[in-house]
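Trainee: Got a minute to go through this one with me? I'd like to start with the burial terms and then look at contacts.
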Amino acid sequence: WSPRALIVREMGLRPAHFMLNADRERGADEARVAETMKSILQSLPYPEGYDPSKQSRSEAIRMGVLELTRREATVQAEMFAKRLYFGSNSPSNLEITGRRLDLGDHTAQKGYTKIIRISDESPFGETDEFKRIQELVRESLEKTLPSHMKGSYPTKAELAAEFDRTWDVRQKVEMIKLAGVPNELAERLVQTPQSRAFGAAILAVASAGNDKAVWFDPAVDANTSKYDLGRVLTALVRADARSRDSAVATELGDAALRAKLIAAYEGYSEVLEVAAAREGLSRASLRTYANHAVEIRNRTRDTLFRGDKRWKHLWAVTDQALHGKDGTITQRYVEEEIARNRQNFKDAKPYELVIENKENAAEGVTERKVFDAKTGRMGTKILINVANGEGYFNGRFLPAAELSKAVLEKADGRVVSATRVGKIVEFSMPGETSIELSKARVLTATEFQAKAAARVIARPNLGGMVRGGACKDMFLRAN
């Protein structure tokens, strides 16, 4: 085979598309920006439920620019909690709705070291650079917006204040999620004093030892953090009240810092349990969720290190793919690394924690081990992607309409019905921790009915013909 690849890249709309470029010829660039400005109202992000068409244009512009700033602060707060350093922030490396673009300079970290890559950037965890970029966007738009859109335009001070408010709240809540709190409850409690106190206590532990900026060196995995936050939070969450101080002390030697953390955690736990009970979650279920989530969310994602070891590993895999007989090795490597490093699954249902995710991207099939905090049960899900009106499973393509009404037959003969969720057909098995996926098969409704009828015929002592509904009750031992 010959090496080849198809790269499909979504065209991201960037703030820079609406900004004057000093490196281009002035007249031509002003004409370009004037043209893009025709779609500025449709392009800016807005808060959920906000309809810019029902507002004056100046008010809609104001709300869109402020929302862009809020989203930037939200993204940066989440990246901080997850120890991700972007390394190349600019109006041309951001997508206008808040996503990151051009990730060539990003890196993960073992701790919360204040690494810095370029002299005019802020060290990891500081926000001057992000506010400067937002001001560049604001300042450029102020020059190029039509006069009738400037009536309510935010000032530099307003923009900076909005960033700081959002950053302060979002940074604390993202740190709290590292303690294994269900995302839905962490968001619900975000404005409580207990949330602010617990988030601040976690931040204090993460910041210990990280007083000075450190130049980023790809050959060195710098880590100036005094404590391993993941280990501290794991000890905190998994210990009972009587042994909590001694358990946390093995990871956090500073008695004052430890006392502050434990007190804040216990205060937060009280309001958390009340909120959980209102959602139908038991204390035992909440504890099981936290015990798993605290480990998953604090994993060190070494695949995302931008260092020499990572590149050498990637080149070794590529070399095997180019010169070996197994052309799928690169695909398997990518899938395994994603599975090992992925922490969030936006397609998981509320209060569902994904503990293990085995994805075959080429076939569009995922086997997922989950914990449902609502029911307090572990379970397994098989997810089949639907594309171009069909889905694929174990060597067989099925039309989406048939797949949505199909059953999955496991190796032991038991079956489970399908559920259609958007572009995914899901087979959910509560209580099951794993299945032999290679021995499972999908049966259409017609195939299943025929097989069930054959079983009835093979058992004459059942008393003659059995109708479809009764047949299903007798032979469909679904979970």
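Mentor: Sure, burial first: buried means under 20% relative accessible area, exposed means over 50%, and partly exposed is in between, using a 1.4 Å probe and protein chains only. Keep in mind that this is a predicted model, where local features need pLDDT of at least 70, side-chain atom pairs count only at pLDDT 80 or more, and totals for chains, interfaces and linings use all residues. Residues are numbered from 1 along each chain as its sequence is written, and side-chain values use heavy atoms, with hydrogens and water left out.

Trainee: OK, are E67 and R70 buried or exposed?
Mentor: Both E67 and R70 are buried. They also form a salt bridge, with the closest N and O atoms 2.9 Å apart. A salt bridge here is a side-chain nitrogen of Lys or Arg within 4 Å of a carboxyl oxygen of Asp or Glu.

Trainee: Where do E67 and R70 lie?
Mentor: Both are in helix 3 (residues 57-81), three residues apart, which is about one turn of the helix. Helices (H or I, at least four residues) and strands (E, at least two) are DSSP runs numbered from the N terminus. An α-helix has 3.6 residues a turn, so residues three or four places apart point the same way.

Trainee: How many salt bridges does the structure hold?
Mentor: It holds 36 salt bridges. One of them joins K381 to E426, with the closest N and O atoms 3.5 Å apart. That pair links distant parts of the chain: K381 is in strand 7 (residues 377-385) and E426 in strand 12 (residues 424-430), 45 residues apart. K381 is buried, and so is E426.

Trainee: Which residues are joined into one network by salt bridges that share partners?
Mentor: E67, R70, R71, E162 and R165.

Trainee: What about E356 and K358?
Mentor: E356 forms a salt bridge with K358, the closest N and O atoms being 3.7 Å apart. E356 is partly exposed, at a relative accessible area of 37%, and K358 is partly exposed too, at 47%.

Trainee: Switching to the sheet. In what order do the seven strands come?
Mentor: The order is 5-6-7-12-11-10-13, in an open sheet with antiparallel pairing. Strand 5 (352-360) and strand 13 (441-443) stand at the edges with a single partner strand each, so one side of each has no neighbour in the sheet. On average, neighbouring strands are turned by 30° against each other, direction ignored. Two strands pair if DSSP finds at least two bridges between them.

Trainee: What packs on the sheet?
Mentor: Helix 11 (residues 283-297), which touches strand 5, strand 6 (365-372) and strand 7, and whose direction makes about 45° with that of strand 5. Contact means heavy atoms within 4.5 Å. For the angles, axes are lines fitted to C-alpha atoms, for helices over the stretch in contact, and the values run from 0 to 180 degrees between N-to-C directions.

Trainee: And the hairpins?
Mentor: Strand 10 and strand 11 form one with five residues between them, and G413 in the turn has a positive phi of about 95°. E409 stands opposite V415 in strand 11. The hairpin of strand 11 and strand 12 has two residues between the strands, where G422 takes a positive phi near 60°. In that pairing, which is antiparallel over four bridges, V421 stands opposite I424 in strand 12.

Trainee: How many aromatic pairs does a search of the whole structure find?
Mentor: It finds 10. The rings of Y46 and Y50 have centres 5.5 Å apart and planes at 20°, so that pair is stacked. Rings of Phe, Tyr and Trp (its six-membered ring) pair if their centres lie within 6.5 Å; planes under 30 degrees apart count as stacked, over 60 as edge-to-face and the rest as tilted. Y46 is buried at a relative accessible area of 11%, and Y50 is buried at 18%.

Trainee: Any tilted one?
Mentor: F80 and Y112, at 5.2 Å centre to centre with 45° between the planes. F80 lies in helix 3 and Y112 in the loop between strand 2 (107-108) and strand 3 (114-116), so the pair ties together parts that are 32 residues apart in sequence. Ring pairs also link F80, Y112, F124, F130, F163 and W167 into a cluster.
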